[in-house]
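Visitor: I should like to go through this model term by term, asking on what grounds each description rests. May we begin once it is displayed?

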Amino acid sequence: MSRKIIIAGGGTGGHIFPAIAIANALKKIDPAIEIFFVGAKGKMEMEKVPQAGYNITGIDIAGFNRSSLIKNFRLPFKLAKSFLQVRRIVNGFQPDAVIGVGGYSSFPVLRYAQARRIPTFIHESNSFAGKSNILLGKKATKVFVASEGMEKFFQKEKLKITGNPVRSSIVNNSVTRAEGIAFFQLDASKKTVLATGGSLGAKGINEAIAEHISDFGKNDVQLIWQTGKPFVRKAKDLSTGMKNVWTNDFITQMEFAYAAADVVISRAGAMAIAELSVVGKPVIFVPFPFAAEDHQTANAKTLQARNAGLMIRDSEAKDQLVDAAIRLVKDDEKQKKLKTEIGKFGITDADERIAEYVLNQITSN
């Protein structure tokens, strides 16, 4: 009989793409394994997971809305409904294990699995663990983390350092710079900056680029700009007629974007850093200022101290970011140093480490 695993979570690319990487690694080791995803209705995992070839069911779940308390009125009802949905999903699929990758749907799925004494595993990508994962970690079989120092959140004996899984399309990227530039219909003779705020976009980065978008053309620099859905209309309007700018809300094939880029502008989340370390690109980090315990700033400062990246605060981005990016893209020597140092942080087999451990655990039980 084939083994069965549920992977729960999503919400952002930082949760979804590692989850798909883990699923692919599980399939590589055991082609007969059955994998089923559980996500949140209306979130991007409902689109991205089927595109990767896996089945997914969405549950009615949402997080606490800090900006509008009145919107939380229905939250208890959604939670109750989600637990009923999860019970039906888990009892129907009968998994041998459940893996949580973060996001709204992780909590009810792992909580119910733990109540059923089904082995549960957590992937915590960040250096500062979320409250849900801390709670779930108490009964988890194992918690996979990216780095040391996580004993302040989880029991030491439950921790296993694996690094963060990176998409195989990026780990095994063979796209040349010329192919990347051609993909975006740009000019291979010109320097190119990639600006990405992650799958949902980054307001601070977008506003900074919008304010100074003409500076790229004035300096003969090209821009690949992933905006996220909220900003895409404005970005397209601003860049109309600019042959040196390619913009869209989302880049599906990031391997082409990384190959094309001489310099990258990015947030400093754990998954963004994991990918950028693997591809070894010079990066200007603009940390999201409202991340828990300001951990993105801590991430960026760590890399900056090792000469593995530059950092500009979100509050300073509008005045400094575009100028800094243009200066860096013209400084080949600085780029070379940044590439070398960030590459030292790259881990390419985290997904395999997680998959092997999970399969060994459920086989031995």
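Visitor: How many bridges join strand β5 to strand β6, and do the two run parallel or antiparallel?

Guide: The model is a predicted one. In it, strand β5 (residues 120-124) and strand β6 (residues 142-145) run parallel and are joined by four bridges. Within this pairing, Ile122 has Val143 of β6 as its bridge partner.

Visitor: What makes β5 and β6 a pair?

Guide: At least two bridges are required for two strands to pair. Four bridges join β5 to β6, so they count as paired.

Visitor: Which strands form the sheet of seven, and in what order?

Guide: The order is β3-β2-β1-β4-β5-β6-β7, in an open sheet with parallel pairing. Its edge strands are β3 (55-59) and β7 (159-161), each of which pairs on one side only. From one strand to the next, the twist averages 25°.

Visitor: Which helix lies across β1, β2, β3, β4 and β5?

Guide: That is helix α4 (residues 106-115), which runs at about 150° to β4 (97-100).

Visitor: Which strands are called edge strands in the sheet of six, and why?

Guide: This open sheet has the order β10-β9-β8-β11-β12-β13, again with parallel pairing. The edge strands are β10 (245-248) and β13 (310-311), as each pairs on one side only. Strand β9 (residues 221-226) runs parallel to β10 and is joined to it by four bridges. In this pairing, Leu223 stands opposite Val245 of β10.

Visitor: Why is α8 called roughly perpendicular to α14?

Guide: Helix α8 (residues 203-211) and helix α14 (residues 317-329) pack at an angle of about 70°, and their axes are 8 Å apart. Angles of 65 to 115 degrees count as roughly perpendicular, so the term applies to α8 and α14. The crossing of the two helices is right-handed. On the α8 side, the contact is made by Gly204, Ile205, Glu207, Ala208, Ile209 and Glu211; on the α14 side, by Ala317, Lys318, Leu321 and Val322.

Visitor: How do the residues of the contact of α8 with α14 divide into nonpolar, polar and charged?

Guide: Six are nonpolar, one is polar and three are charged. Glycine counts as polar by the convention used here.

Visitor: Why is helix α12 described as largely enclosed by the rest of the structure?

Guide: Seven of the 10 residues of α12 (residues 270-279) are buried, and the description therefore follows. The buried residues are Ala270, Met271, Ile273, Ala274, Glu275, Leu276 and Ser277. Just after α12, Gly280 takes a positive phi of about 65°.

Visitor: What makes the positive phi of Gln94 worth remarking upon?

Guide: Most residues other than glycine have a negative phi. Gln94 is not a glycine, yet its phi is positive, at about 55°. Gln94 is found in the loop between α3 (75-93) and β4.

Visitor: Why does Gln94 count as partly exposed?

Guide: Its relative accessibility is 43%. Buried means under 20% and exposed means over 50%. The value for Gln94 falls in between, so Gln94 counts as partly exposed.

Visitor: How do you know whether Arg117 is buried or exposed?

Guide: Arg117 has a relative accessibility of 78%, and the cut-off for exposed is over 50%, so Arg117 counts as exposed. Arg117 lies in the loop between α4 and β5. Although Arg117 is not a glycine, its phi is positive, at about 60°.

Technical notes:
Residues are numbered from 1 along each chain as its sequence is written. This is a predicted model: local features need pLDDT of at least 70, side-chain atom pairs count only at pLDDT 80 or more; totals for chains, interfaces and linings use all residues. Side-chain values use heavy atoms; hydrogens and water are left out. Buried means under 20% relative accessible area, exposed over 50%, partly exposed in between (1.4 Å probe, protein chains only). Axes are lines fitted to C-alpha atoms, for helices over the stretch in contact, and angles run from 0 to 180 degrees between N-to-C directions. Angles under 35 degrees count as roughly parallel, over 145 as roughly antiparallel, 65 to 115 as roughly perpendicular and the rest as oblique. A crossing is left-handed if the near helix is turned anticlockwise from the far one by less than a right angle, and right-handed if clockwise. Contact means heavy atoms within 4.5 Å.
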